[in-house]
Amino acid sequence: MAKRKKESLKASRTKLLIVMVLFALVWTGLLGRAAWLQLFKGADLSRMVSRQHLAAELERGERGSIYDRNGNLLATSVEASSVYIRPVKVKDVDGTAYKLSKILGISQAKLRKKLSRKSNFIWIKRQINDRIARKIEQAKLPGVYLTTEYVRLYPNNYLAGQLLGFSGIDGKGLEGLEKKFNDRLAGRKAQFVVQRDASGRRLYLDAMGREMDVRGKDIHLTIDSHLQSVTENALADSVKKYNGKWGAAIVVEVTSGDVLAMANYPSFNPNIFRTSSPNIWRNRAALDVVEPGSTFKPFLMAAALEHKVVTPEKLFDCENGRWKINGKYIKDTHKEGWLPVHKILRYSSNIGSAKIGLELGVQNYHKFISELGFGHKTGLPIPGDRKGLIRPAAKWNEIDLAAGSFGQGIGVTTVQMAKAYLALANKGVEKPLRLVQYPRSEQDEAPKRIFSAEVAEKVLSMMREVVQDDGTGRKARISGTTVAGKTGTAQKAHSKGGYGTEYIAAFVALVPGYNPDYIVYMMVDDPKPNHYGGTVVAPAVKKIMTDTLAYYGKLPEQRKPTPVMAAGETLTAMPKKALRATPVKTASSGDNVPDLKGMPIRRAIEILVQKGFVPKLKGQGMTVTKQLPAAGDKWPEDKKAEMVLWVS
Amino acid sequence: MALTLTMGSALILGLVSVWLNIERVDKAYDLRPMEKRLDEQEALAAKLEVERNNLLSPIRLRELAQKYGFGPASQGQIRRPAGKAKPQ
């Protein structure tokens, strides 16, 4: 009995032991497995979980916009769709090629070639318009996808094309301000992780790093799009009328130094920049270095007056238009004898200027023009801002000095000329030009006085004579205000040395002539058949000035008949539309021509224009003394019938 | 008694926490389409702004002005209300 009991206990112990061992094995296995998963597989499994429940998203910010001084858009980025394919997912190559070809206008052969490639990603067409994108979506083609990109748009098309430049398809600035300010304008990238559920829907449970502002920063220019357009039109008209190769113009506000317009012709549309030649993309106003010719003479006068080498009344012999110096001839267009300094500028005598330059001396002249900014970068944020070409003073000989005195043998840019004239208009104190309102640029140094206010006024006075008296700039006169100006007709240097038969016509105007508000500088390369700045450019500059003054509400009334009218610019030149724009109630409603004698010319014209006639004016003055048809005659039925008013 | 209250409070807090989390997930689901709609509206606004600027561009306005017989004010056509800037 005891033996059986002992055996039974032994068997139970064995069973218990087996169970314990089994348990121990199971637990060891479980713990081992857990340890294996945690310690060895943990990192991999964690990554798998992340892949399943988390998704990375990349957000690209749009490029910043460019605005003019009034907040008008000059350049901006908008969303556009781009088409790409994953050839491995394309089921029907021929069918897909056919449908895509129909929607996108790409040849089927080209599409088939792309669709047959063994690649995971191929662009088909980038930055398509919304209508085409919708058609692609509706076609539901397997393996064909749309993605969103930003496309750069310039709403004003050609306006300020060279100044703004353009950016490439990947949103990188390639030319102009787009290139210069690329770091500021470019949109940034933000990468962040979001959770997703079992069906792949994304959950934004917190900001997850998306609080970062990825949009590029804007810039605000000093350019006024209206004045830019006015300047571009006047420049284009002038270049086309005189068959010029190219032209550049700039308008500057004196009080602020703001560049209101910077124009180039020929122009191009940055929206479709690839359709024009890279040569046209150049911002010639800032990059092209040319000999300024006589538009440089006011700076010679300022230097000579500042160094007290001359007074405005000091006489120089202009050698009857031809003067030999060191074996070379200097010629004048007009043959003049003895002239005072102010008339040397008025009639633009090269010989007189050369003699003033020789009295002034190389060192004085070179230092003076260097202080005005010639030979130095202007500091405007334009890629490739040029220094111009002013050789060291030590390398100048007598001929160089004589030629440099009338703006030959030196190279400057349009922007440099505007900057130097800004110092003149600012009474001899330098002032930086400003092209960008915001972000503001730091000014390193306090403005420096280059010459005295008295000298500035004397030079301005001489420049007023150029326009207001019988100088070379008469065609820039604006009745009712004074204009200070200077013409320039520079000979172009020949590539093989010496000077050829090509010219650069230029004109600079400061308006009003006393205490100028605006500076307008324009040049036209190789105009034909006429090449004089006073003929080719002055009328265009006048157009810019009058439109600028009108835009700011500063265009004055015509005070009285001026020498301009006497010279043939009569009121008959007034456009019909302009006259029609100011209807007045007059005694013209009857069937007979009223008596206009004794009436102010303006009122008489209003009466005739209201009846549909534009009169011819004869004589000078503001009061009608005689009329045709006579008072009391029937109104002619033919609106082209001759109507004449004699005025005195 | 205190133990019962503590356990009850813990249970309520737990339930509130669960409820808030469910709400949070629901809102997260709603947020995505709303963000998408906002992006679409912003993109449309940007395109309309470009269109507006294109329609108001100086070149187009000049063409329209010429078509309808308008032009820049010439001398004698500017009237200034009393007290405003005077002609020079």
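In the next few minutes I will go through a small sheet, a helix crossing and a chain contact in this structure, which is a predicted model.

Let me begin with the sheet in chain A, which is open, has three strands in the order E21-E23-E22, and shows mixed pairing. Strand E21, residues 616-618, and strand E22, residues 624-628, stand at the edges with a single partner strand each, so one side of each is left without a neighbour in the sheet. Direction ignored, neighbouring strands here are turned by 20 degrees against each other on average. If we look at E22(A) and E23(A), the latter covering residues 644-647, we find them paired in the antiparallel sense over four bridges, and Gln627(A) stands opposite Leu645(A) in E23(A).

Staying in chain A, I turn to helix H12, residues 297-306, and helix H14, residues 350-360, whose axes come within 10 Å and cross at roughly 40 degrees, the crossing of H12(A) and H14(A) being left-handed. On the H12(A) side the residues that meet H14(A) are Lys297(A), Leu300(A), Ala303(A) and Ala304(A), and their counterparts in H14(A) are Ser353(A), Ile356(A), Gly357(A) and Leu360(A). By class, this contact of H12(A) with H14(A) comprises five nonpolar residues, two polar and one charged.

Finally, the contact between the chains takes 36 residues from chain A and 30 residues from chain B. On the chain B side, helix H1 (2-55) and helix H2 (58-67) each supply at least two residues, and H1(B) gives the most, with 13 residues. That side of chain B, where it touches chain A, has 14 nonpolar, ten polar and six charged residues.

Technical notes: Residues are numbered from 1 along each chain as its sequence is written. Chains are lettered from A and ligands numbered from 1 in the order in which they are written. This is a predicted model: local features need pLDDT of at least 70, side-chain atom pairs count only at pLDDT 80 or more; totals for chains, interfaces and linings use all residues. Two strands pair if DSSP finds at least two bridges between them. Axes are lines fitted to C-alpha atoms, for helices over the stretch in contact, and angles run from 0 to 180 degrees between N-to-C directions. Two residues are in contact if their C-beta atoms, placed from the backbone, lie within 7 Å. Ala, Val, Leu, Ile, Met, Phe, Trp, Tyr, Cys and Pro count as nonpolar, Asp, Glu, Lys and Arg as charged, and the others, Gly among them, as polar. A crossing is left-handed if the near helix is turned anticlockwise from the far one by less than a right angle, and right-handed if clockwise.
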